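Student: I've got a structure to look through and could use some help. Can we take it piece by piece?

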Amino acid sequence: MMMFKSAANGNRIASLGALAPAGVVATVVYVLFIGLPIMALLVRAGQQEGFLAGLTGPLVLQALRLTVITSVISLAVVVVIGTPFALLLARRGPTSRLLRVIDTFVELPIVLPPVVAGVAMLMAFGRNGLLGPALASVGISLPFTTVAVVFAQIFVAAPFYIRAARIGFAGVDPAYEEVSQTLGVSPWQTFWRLTLPMSRPSLLTGATLAWARAVSEFGATIMFAGNLTGRTQTMPLAIMTTMESSLGAALALAALMLAMSALALALLSVLVRRRAESSP
Amino acid sequence: MAHVPTRGSLLRRRRFAPARCYNVAVMGLKILGIAAVVLGLALVACAPASQRAGDAETTLTVFAAASLAESFRALAAAYEIAHPDTRVALNFAGSQTLRTQLEHGAAADVFASANWEHMATIKEAGLLGNAPEYFAANRLAVITPVDSDAVQTLTDLARPGVSVAIASAEVPAGAYARDSLDQMSMDEAYPGDFAAAVLSNVVTNEASVRGVAQKVALGEVDAGIVYETDAAAHQYAGDIRVLEIPLEYNPAARYPIAAVSTSAQLEAALAFIQFIQDDSGQAILREFGFVPPANVACPCHAG
């Protein structure tokens, strides 16, 4: 939580000295660089014929529905598996070399091109993949299914949550947990009542980033899950497809995704701020 | 959190004590990274001069349909030999992708589409530098993985449980495939709902015909509908089997080519197009399985 405190500390500006103008210029350039394309997208979307029809068209609604369902499932899986994993990394990682190597390894998907993840998943879970024949023998075929979409999302999104959760848990002093347990509170209850609330901002940040990454997943999905409306065509895939047939629908989807991202960001800042204010 | 107990800070310091194993791993990664960069630079530096941009006087940028990949690489190589001062840069994708890129200002000199519709859109946008002409034709084929016997005849495409890959409807190959299935549905030899049954077996709508071929070659689907030239492409040999589609259900795919009006070297672009239409160019296309465009009235001359 220290990082949120120092961010609020505003009296350091004087020490910037001669660097301050450079900072201002850089800020303006950067804000324009990010802001202009987003503005242009919204302006163009507003002008585009067929924007409203696109927004309520079956293709957009099916893509939206699929994206929301798969990303929520992915996030749930990531949180359920990632939380105990991150706790182990935070508590035992410092003394375990193996865990530190694993820690570095699980962050690989952050830097790995998603399309590589897609090829890798095809090689592992595809019909002719490493596990393909074994899966087929029990009647499971993963590629080109909605489950494959969820797999791809989990693969690319999980590290964002695990990393943030690990940092959050590491920021909770184990001494507090020891005291809690000395007072007779069970480890399970200590986690729920002490560790979890104290690391909540980190967990929320991680969960939001992971969800946003799952929603925007493209490369691994198109490679491993294919592109079929209603089954595997999430919003990013639908944007690519409609961009080549109906710009109105593509802009509608893009504006919708932009709104979702902005909402996630706003929600996150509200949640984190409320938490930071209520903590002593 | 404001007052951190001394014991806690001691604990924290101990927790972050360096560990040799970890450091060795990180060091290893760094060395690997540096090695990769050095190797990459060495490869760039050692590349033959002719492969680097800037040496030739003219660089022609050619946007060509994905199914033209091998044949246009061969055409470009032959053209560069005949015109040593010209370099041909090729961009392959689904024709609909190339069309979209051109509409949004991509710099190209020549556009070769796998159907008339995408060429017409570019023409209506005022982006063509000359009247487009057909230079090649193609037919469809069904391909199956060599180790799968799920699809032995065209009728099998409609069997429940069979997985089929086709190109999406915007892709020329996807549009032709849908036409072909519709024609089968209208024939007595096939059930009336044949096309609908096959389409319900489709598990992925690929962005180019080569995406379809790749999914079949990997054995991830039971069948795919591609061009005959894709089915004959050497990189899939050994991985796929080919099922012919009878001519009566097999729409002729015709490829128009034209110069792009925004080209800064229109003459060179027209020379390249002429080369493709001449005997030597046509012979190369023939090698890759394309047939001469039938002598049909070309809609491009009408407008």
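**Walking through the two chains**

Tutor: Let's start with a helix in chain B: helix H8 (residues 209-217) lies across S5, S6, S7, S8 and S9, running at about 140 degrees to S8(B). Keep in mind that this is a predicted model.

Student: In what order do the strands S5, S6, S7, S8 and S9 of chain B sit in their sheet?

Tutor: These 5 strands make an open sheet with mixed pairing. Its edges are S7 and strand S9 (240-244), each of which pairs on one side only. From one strand to the next, the twist averages 30 degrees. Reading across, the order is S7-S6-S8-S5-S9.

Student: Which strands does S6(B) pair with in the parallel sense?

Tutor: One partner is strand S7 (residues 202-206) of chain B, joined to S6(B) over 4 bridges in the parallel sense. There, Ile166(B) stands opposite Asn205(B). On strand S8 (residues 223-227) of chain B, the bridge partner of Val164(B) is Ala223(B), and S6(B) and S8(B) pair in the parallel sense over 2 bridges. The names you want are S7(B) and S8(B).

Student: Are the faces of strand S6 (residues 164-167) of chain B covered or open?

Tutor: Look at the residues on each side. Val164(B) and Ile166(B) are buried on one side, and Ala165(B) and Ala167(B) are buried on the other. Helix H6 (residues 172-186) of chain B also lies across S5, S6, S7 and S8, at about 120 degrees to S6(B). As for the faces of S6(B), both are covered.

Student: How many bridges join S5(B) to S9(B)?

Tutor: Strand S5 (residues 140-145) of chain B and S9(B) run antiparallel. Within this pair, Thr144(B) stands opposite Arg241(B). The number of bridges is 5.

Student: There's another sheet, with S2, S1, S3, S10 and S4 of chain B; which are its edge strands?

Tutor: This one is an open sheet of 5 strands, in the order S2-S1-S3-S10-S4, and the pairing is mixed. An edge strand here pairs on one side only. That points to strand S2 (86-93) and strand S4 (133-138) of chain B.

Student: What is the bridge partner of Phe111(B) in S10(B)?

Tutor: Phe111(B) belongs to a pairing where strand S3 (residues 110-112) and strand S10 (residues 253-259) of chain B run antiparallel, joined by 3 bridges. Helix H4 (residues 95-103) of chain B lies across S3, along with S1 and S2. In S10(B), the partner of Phe111(B) is Ala258(B).

Student: Over to chain A: how many helices and strands are there?

Tutor: Let's get a feel for the chain before counting. Its C-alpha trace spans about 60 × 60 × 30 Å along its principal axes, and buried residues make up 38% of its 280 residues. The count for chain A is 15 helices and 0 strands.

Student: Where is the kink in H9(A)?

Tutor: Helix H9 (residues 146-170) of chain A has 25 residues and reaches 35 Å from first C-alpha to last, close to the 36 Å expected. The kink is about 40 degrees and comes shortly before the proline Pro159(A). The residue to mark is Ala157(A).

Student: Why can we say H9(A) is largely enclosed by the rest of the structure?

Tutor: Think about burial, where a residue counts as buried if 20 or more other C-beta atoms lie within 10 Å of its own. H9(A) is largely enclosed because so many of its 25 residues pass as buried: 22.

Note on methods: Residues numbered from 1 in each chain as written. Chains lettered and ligands numbered in written order. Predicted model: local features only at pLDDT ≥ 70, side-chain atom pairs only at ≥ 80, totals over all residues. Expected span 1.5 Å × (residues − 1). Bend = angle between axes of the 7 residues up to and from the residue. Buried ≥ 20, exposed ≤ 12 C-beta atoms within 10 Å, placed from the backbone. Pairing = 2+ DSSP bridges. Contact = placed C-beta atoms within 7 Å. Axes fitted to C-alpha atoms, helices over the stretch in contact; angles between N-to-C directions.
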